[in-house]
Amino acid sequence: MKAVLITARRPADVACDVEAFARRGERVFVLTRIDHGSMLDQERLGAARYAAGVQSVVGLEEETPAAVAAAR
């Protein structure tokens, strides 16, 4: 099963996007990282999990080592 990539920045927009895909039957969601897993990313993740429901899988995309090194 392929994951749906969610790129919205605001938690409310994330929830709307996830709800729309969940209504179409999608159950696996991956959110793009905006700030290396910071509080904003955590808020977006929470909104997505709430909107997706308990039967869904929601997570943040993995950071690439080059992106981590560039951020330092």
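Me: In what order do the three strands of the open sheet stand?
Reply: This is a predicted model: local features need pLDDT of at least 70, side-chain atom pairs count only at pLDDT 80 or more, and totals for chains, interfaces and linings use all residues. Residues are numbered from 1 along each chain as its sequence is written, and side-chain values use heavy atoms, leaving out hydrogens and water. Helices (H or I, at least four residues) and strands (E, at least two) are DSSP runs, numbered from the N terminus. The open sheet has parallel pairing, and its order is β1-β2-β3.

Me: Which are the edge strands?
Reply: Two strands pair if DSSP finds at least two bridges between them. Each edge strand pairs on one side only, and these strands are β1 and β3.

Me: By how many degrees are neighbouring strands of this sheet turned against each other on average?
Reply: Axes are lines fitted to C-alpha atoms, for helices over the stretch in contact, and angles run from 0 to 180 degrees between N-to-C directions. With direction ignored, the average turn between neighbouring strands is 25 degrees.

Me: Which residue of β2 is the bridge partner of Ile 6?
Reply: β1 and β2 run parallel and are joined by three bridges. In one of the pairs, Ile 6 has as its partner in β2 Leu 31.

Me: At about what angle does α2 run to β3?
Reply: Contact means heavy atoms within 4.5 Å. α2 lies across β1, β2 and β3. Its angle to β3 is about 170 degrees.

Me: Where around the axis of α2 are its buried residues?
Reply: Buried means under 20% relative accessible area, exposed over 50%, and partly exposed in between (1.4 Å probe, protein chains only). The buried residues of α2 include Asp 41, Leu 45 and Ala 48. The buried residues cover an arc, taken from the directions from the helix axis to the C-beta atoms, of only 165 degrees, so they lie on the same side of α2.

Me: Which residues are exposed on the other side of α2?
Reply: The buried residues of α2 are covered by elements including β1, α1, β2 and β3. On the other side of the helix, the exposed residues are Met 39 and Tyr 50.

Me: What is the relative accessible area of Arg 27?
Reply: Arg 27 sits in the loop between α1 and β2. Outside its neighbours within four places in sequence, Arg 27 is in contact with residues including Met 1 and Gln 55. Arg 27 is partly exposed, because its relative accessible area is 32%.
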